[in-house]
Amino acid sequence: MVYIGVCSLVGSISVMSVKALGIALKLTFSGMNQLVYPQTWAFTLVVVSCVITQMNYLNKALDTFNTAVVSPIYYVMFTSLTILASVIMFKDWDRQTPTQIITEMCGFVTILSGTFLLHKTKDMVDGPSLSTSMSMRSLKHEEEELLIEGIPLKRQDSLRIP
């Protein structure tokens, strides 16, 4: 959780920095040069360092845990922290009506629920579980041990093997 948490937090900071850098580049291309300001270069440095840190911790999380576990948790944490950072840094909800805010929250809950359901129901399609296939293999192995030189033997539970 620590690797995924750090990766999500740094990822949300990188989204905010990219947004600020994008605004600076948009203003620069429209004729108001923003490259002379140190804030533009600071945001560029923050973006680069955040991306490097994010990739480092994401790789550590993927080395430690299965992708099927890391991906949904990372997705939900990253989305939550990005929304929170956007609300704090850019005051996005100040310009929205209560209906828009509730709609945004309903969309977020839908994404969260869908991610949870996809993660929980992924095993339903995989076929027999590992324990079932292991018990089937061990039963087949026991049956093979009972056949000696093609002569079927009786098992202790009096079940005949053809």
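**Figure 1. Helix 1 and the glycine that comes after it.** Look just past helix 1 and you'll find Gly-31, whose phi is positive, near 115°. Keep in mind that this is a predicted model. Helix 1 itself covers residues 2–29, which makes 28 residues. How far apart should the ends of helix 1 be at 1.5 Å a residue? The span should be 40 Å, because the expected value is 1.5 Å times one less than the number of residues. The end C-alpha atoms of helix 1 are indeed 40 Å apart, so the model agrees with the expectation.

**Figure 2. The whole protein, for orientation.** Before zooming in further, here's the overall layout: 5 helices and 0 strands. Reading from the N terminus, the elements go α-α-α-α-α. The protein has 162 residues, and 22% of them are buried. Among contacts with a separation of 6 or more, 64% join residues 24 or more positions apart. As for the outside, the accessible surface is about 11,700 Å², and carbon and sulfur atoms account for 69% of that.

**Figure 3. Helix 2 and its buried residues.** Helix 2 runs through residues 38–64. Try the ruler trick here too: its 27 residues should span 39 Å at 1.5 Å a residue, and the end C-alpha atoms are 39 Å apart, so this one agrees as well. Which residues of helix 2 are buried? They are Thr-40, Val-47, Cys-50, Gln-54, Leu-58 and Ala-61. What do these buried residues pack against? Their partners are helix 1 and helix 3. It helps to remember that an α-helix has 3.6 residues a turn, so residues three or four places apart point the same way.

**Figure 4. The largest nonpolar core.** Six residues build this core, namely Ile-4, Cys-7, Leu-58, Ala-61, Val-70 and Tyr-74. Helix 1, helix 2 and helix 3 (67–90) each put in at least two residues. Zoom in on Tyr-74, which counts as buried because its relative accessibility is 17%, below the 20% cut-off. Setting aside residues up to four places away in sequence, Tyr-74 touches Ile-4, Cys-7, Ser-8, Gln-54 and Leu-58.

**Figure 5. Two aromatic pairs.** The structure has 2 aromatic pairs. One of them brings together Tyr-3 and Tyr-57, with ring centres 6.0 Å apart. Is this pair stacked or tilted? The planes meet at 45°, so the pair is tilted. This pair ties together distant parts of the chain: Tyr-3 belongs to helix 1, Tyr-57 belongs to helix 2, and 54 residues separate them. Tyr-3 is partly exposed, with a relative accessible area of 32%, and Tyr-57 is partly exposed too, at 23%. The other pair is Tyr-74 with Phe-78, whose ring centres are 5.7 Å apart and whose planes are at 25°, so this pair is stacked. Both Tyr-74 and Phe-78 are in helix 3, 4 residues apart, or about one turn of the helix. Phe-78 has a relative accessible area of 22%, so it counts as partly exposed.

**Figure 6. A lysine over a tyrosine ring.** Stay with Tyr-57 for a moment and find Lys-60. Where does the charged end of Lys-60 sit? It sits over the ring of Tyr-57, 5.1 Å from the ring centre.

**Figure 7. Thr-82 and Ile-83, side by side in sequence.** Thr-82 belongs to helix 3, and so does Ile-83. Is Thr-82 buried or exposed? Its relative accessibility is 14%, so Thr-82 counts as buried. Leaving out neighbours within four places in sequence, Thr-82 is in contact with Ser-12, Val-15 and Met-16. Using that kind of filter for Ile-83, the residues it touches are Trp-93, Glu-104, Met-105 and Phe-108. Take Glu-104: Ile-83 and Glu-104 are 21 residues apart in sequence, with 9.8 Å between their C-alpha atoms.

**Figure 8. Val-18 and Thr-44.** Val-18 has its place in helix 1. With 45% relative accessibility, Val-18 counts as partly exposed. Along the sequence, Val-18 and Thr-44 are 26 residues apart. In space, their C-alpha atoms are 7.9 Å apart.

Notes:
Residues numbered from 1 in each chain as written. Predicted model: local features only at pLDDT ≥ 70, side-chain atom pairs only at ≥ 80, totals over all residues. Heavy atoms only, no water. Buried < 20%, exposed > 50% of the residue type's maximum accessible area, 1.4 Å probe, protein only. Contact = heavy atoms within 4.5 Å. Areas by Shrake-Rupley, 256 points an atom, 1.4 Å probe, with all protein chains shown as cover. Core = buried A, V, L, I, M, F, W, Y, C linked by side-chain atoms within 4.5 Å. Phe/Tyr/Trp six-rings, centres within 6.5 Å; stacked < 30°, edge-to-face > 60°. Lys NZ or Arg CZ within 6 Å of the ring centre and 35° of its normal.
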